[in-house]
Amino acid sequence: MEPKSPRRAERPAMDFSASPEYQLNPFPYYERMRETAPVYYDEQSGSWHVFRYDDVQRALSEYATFSSHMGGDDASGTGQLFSLSLIATDPPRHRQLRSLVTQAFTPKAVDALAPRIAGLTDELLEGIADRGSADLIKALAYPLPVIVISELMGIPAQDRERFKRWSDVIVSQTRAGSASEDHTAANMEMTEYFLALIDERRSRPGQDLISTLLAAEIDGQKLTVPELLGFCALLLVAGNETTTNLIGNAVLCLAENPGTMERLLREPALIPQTIEEVLRFRSPVQSMYRLTVAETTLGDEVIPAGAPIVAWIGSANRDERQFQRPAEFDVDRGHNRHLAFGHGIHFCLGAPLARLEARIVLEALLARLPGLSLEQGVHLERMDSTIVYGVKALLVSWQPA
């Protein structure tokens, strides 16, 4: 019997030459792909794309078959920075590296940050509460996670704007596909900054995460400088971009579903469950990359060794085979086994922190911004990324006290 030829999609999985409406709402396309080509080969990119829940879960969790080590060959320098980080490392090195930072993100350690996060949230809301309207991304969802992760890493307050700018550059490269001169310059600037910070912490250690990593040892050996840089780059993006978009996506979901905010005010115990539904419905991370270690089969397709895999988390979380009424936002949804934070050994280390920040923010918004709603007639624009999902701005209004 002759081998089956790979199934081709009608167009590449994420075509950003398409309309802004498509960029903001790729979910009907995901649905079509789950039905017509759940595993397909894109000749243009040379990648295999996976859309159904079971296949995505398998690609994310079976590290012996689907490696996270993608290498670092891109000209921007970002690939090199990430190639030795947790996100791009397989066992046994992954276990060793992860063990170094696990203690900083345990539920107990994260819960200890709650008073500081609540205080920062109140400070940021104090600056806009009397206005009656604001861009919630700019006023709250962006600065809060940046401040929190900056303080954890020991980044001086005056450098936070640079910190965010570098994060934006890294995320935007996931759309551009190749680095521009601006991207390359920003990556070089970021690398030089972190190298200087590492040298400073080596001579004058503090209570921050970078100082902790410098002092840590694995089997009697300290982390290499490239590994430290990988941690910095990963924390830079994972520590603020995804939480910014979780907060923005949560407000967008609630505003689109009349009566939901009022219900959460009456039943605040539903807020954690609501956050899980936001993570499923509008996953801040829409896809992850893997590389096949050996020939394997996904769905009905035989995939060769060394093949790049794109696992579409945003599609898996809308799979009709896993979720009832997946296209509906339902705060009463139980047993929500979404893949928004990944699965298996690479499950997001910062998930407890992201959940905590989102819960504190939603509680504060409901209490302090009564009648919160989207500004009418405002066009929403997705941020520049094929991987990270969120809006560039979120103009909202409320009834000032």
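Strand S7 (residues 287-292) is joined to strand S10 by five bridges, and the two strands run antiparallel; strands are taken here as DSSP runs of E with at least two residues, helices as runs of H or I with at least four residues, both numbered from the N terminus, and two strands pair if DSSP finds at least two bridges between them. This is a predicted model, in which local features need a pLDDT of at least 70 and side-chain atom pairs count only at pLDDT 80 or more, whereas totals for chains, interfaces and linings use all residues. Residues are numbered from 1 along each chain as its sequence is written, and side-chain values use heavy atoms, with hydrogens and water left out.

Within the pairing of S7 with S10, methionine 288 stands opposite alanine 311, and arginine 290 has isoleucine 309 as its bridge partner. Strand S10 also pairs with strand S2 (residues 47-50), here in the parallel sense and through three bridges, and in this pairing tryptophan 48 is placed opposite isoleucine 309. Isoleucine 309 is thus the partner of arginine 290 and also faces tryptophan 48. Strand S10 (residues 308-312) has four of its five residues buried, so it is largely enclosed by the rest of the structure; buried means under 20% relative accessible area, exposed over 50%, and partly exposed in between, with a 1.4 Å probe and protein chains only. Strand S7 has a further antiparallel pairing, with strand S3 (residues 66-67), over two bridges, in which serine 67 is matched with leucine 291 of S7.

The helices H7 (residues 114-126) and H9 (residues 143-153) pack at an angle of about 140°, with their axes 10 Å apart; axes are lines fitted to C-alpha atoms, for helices over the stretch in contact, and angles run from 0 to 180 degrees between N-to-C directions. On the H7 side, Arg116, Ile117, Leu120, Thr121 and Leu124 meet Pro143, Leu144, Ile147, Val148 and Glu151 of H9, a contact being heavy atoms within 4.5 Å. The residues of this contact divide into seven nonpolar, one polar and two charged. Nine of the eleven residues of H9 are buried, so this helix is largely enclosed by the rest of the structure, and the buried residues include Pro145, Val146, Ile149, Ser150 and Met153. Glycine 154 follows H9 and has a positive phi, near 80°.

Two residues other than glycine also have a positive phi, and both are set out below.

| Residue | Phi | Relative accessible area |
|---|---|---|
| Arginine 325 | about 45° | 40%, partly exposed |
| Histidine 335 | near 50° | 70%, exposed |

Arginine 325 lies in the loop between helix H17 (313-316) and helix H18 (351-368), and histidine 335 lies in the loop between H17 and H18 as well.

As for confidence, the protein chain averages a pLDDT of 87, and 89% of the residues score at least 70, pLDDT being the predictor's confidence in each residue, from 0 to 100. Over residues 72-79 the pLDDT stays under 50, and for this stretch the model has 14 contacts beyond four places in sequence.

Definitions and conventions
Ala, Val, Leu, Ile, Met, Phe, Trp, Tyr, Cys and Pro count as nonpolar, Asp, Glu, Lys and Arg as charged, and the others, Gly among them, as polar.
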